[in-house]
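Me: Please take a close look at one part of this model, the pairing of charged side chains, and set it in the context of the rest of the chain. I would like careful reasoning in which each label is tied to its value.

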Amino acid sequence: MSENQNKVVLTGTVINVDMKNEKYPKYTVKESGYAEYPMTITFDCNSSKIQTLPLKGDNVEMSGYVGSREWNGRYFTGVSCVYCKVLEKHKTIVPESVNTAGQFAENDEVPF
């Protein structure tokens, strides 16, 4: 089998981060674009080999290789991440009416 036949490249948004094992986090990425049924893939990563670890909501380009292992007559398939590029960081939008200093704005009327 050629090395490129089992390669996966996906550009999309990180919709879940599983950090049960901090050295090998799992990132679930949902494909960007206009596909009627966007693809969702969970990448198994080695945090020591990835320069910038993405956060939930980040737009990323991830690539990896599909592999499968047999254990007790059952097969387990996964995608091992070899490259991750954060294209755009997730921006938290704070509404203007929220005072980030934890104080009430001067024009707020509190009934008590």
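Reply: A residue is called buried when its relative accessible area is under 20%, exposed when that area is over 50%, and partly exposed in between. The model is a predicted one, and every value below is computed from it.

The structure holds two salt bridges, and one of them joins Lys-89 to Asp-58, with 3.6 Å between the closest N and O atoms. This pair links distant parts of the chain, since Lys-89 lies in the segment after strand 5 (74-88) and Asp-58 in the loop between strand 3 and strand 4 (59-71), 31 residues apart. Side chains of opposite charge can pair when their charged atoms come close. For the label used here the cut-off is 4 Å between a side-chain nitrogen of Lys or Arg and a carboxyl oxygen of Asp or Glu, so the 3.6 Å of Lys-89 and Asp-58 qualifies.

The partners carry different accessibility labels: Lys-89 has a relative accessible area of 41% and is therefore partly exposed, whereas Asp-58, at 1%, counts as buried.

The other pair consists of Lys-26 and Asp-44, whose closest N and O atoms are 3.8 Å apart. It also links distant parts of the chain, with Lys-26 in strand 2 (residues 26-31) and Asp-44 in strand 3 (residues 40-44), at a separation of 18 residues. In this case Lys-26 is partly exposed because its relative accessibility is 37%, and Asp-44 is partly exposed as well, because its value is 28%.

As for the setting of these pairs, the protein has five strands and zero helices, so that its elements, read from the N terminus on, run β-β-β-β-β. Buried residues make up 21% of the 112 residues, and Asp-58 belongs to them at its 1%. Among contacts between residues at least 6 apart in sequence, 47% join residues at least 24 apart. The protein exposes about 9000 Å², of which carbon and sulfur atoms supply 50%.

A buried position within a strand is found at Ser-63, which sits in strand 4 and has a relative accessible area of 6%. Leaving aside residues up to four places away in sequence, Ser-63 touches Lys-7, Val-8, Val-9, Phe-43, Ser-80, Cys-81, Val-82 and Tyr-83.

Cys-81, one of those contacts of Ser-63, is itself buried, because its relative accessibility is 11%. The structure holds zero disulfides, and Cys-81 is in none, the nearest cysteine sulfur being that of Cys-45 at 3.7 Å. A disulfide needs the two sulfur atoms within 2.5 Å. Cys-84, buried at 13%, has its closest cysteine sulfur in Cys-81 at 5.5 Å, and this is too far for a bond.

One backbone detail completes the picture, at Asn-72 in the loop between strand 4 and strand 5. Most residues other than glycine have a negative phi, yet the phi of Asn-72 is positive, near 50°. Asn-72 counts as exposed because its relative accessibility is 62%.

Technical notes:
Residues numbered from 1 in each chain as written. Predicted model: local features only at pLDDT ≥ 70, side-chain atom pairs only at ≥ 80, totals over all residues. Heavy atoms only, no water. Helix = DSSP H or I, 4+ residues; strand = E, 2+ residues; numbered from the N terminus. Buried < 20%, exposed > 50% of the residue type's maximum accessible area, 1.4 Å probe, protein only. Contact = heavy atoms within 4.5 Å. Areas by Shrake-Rupley, 256 points an atom, 1.4 Å probe, with all protein chains shown as cover.
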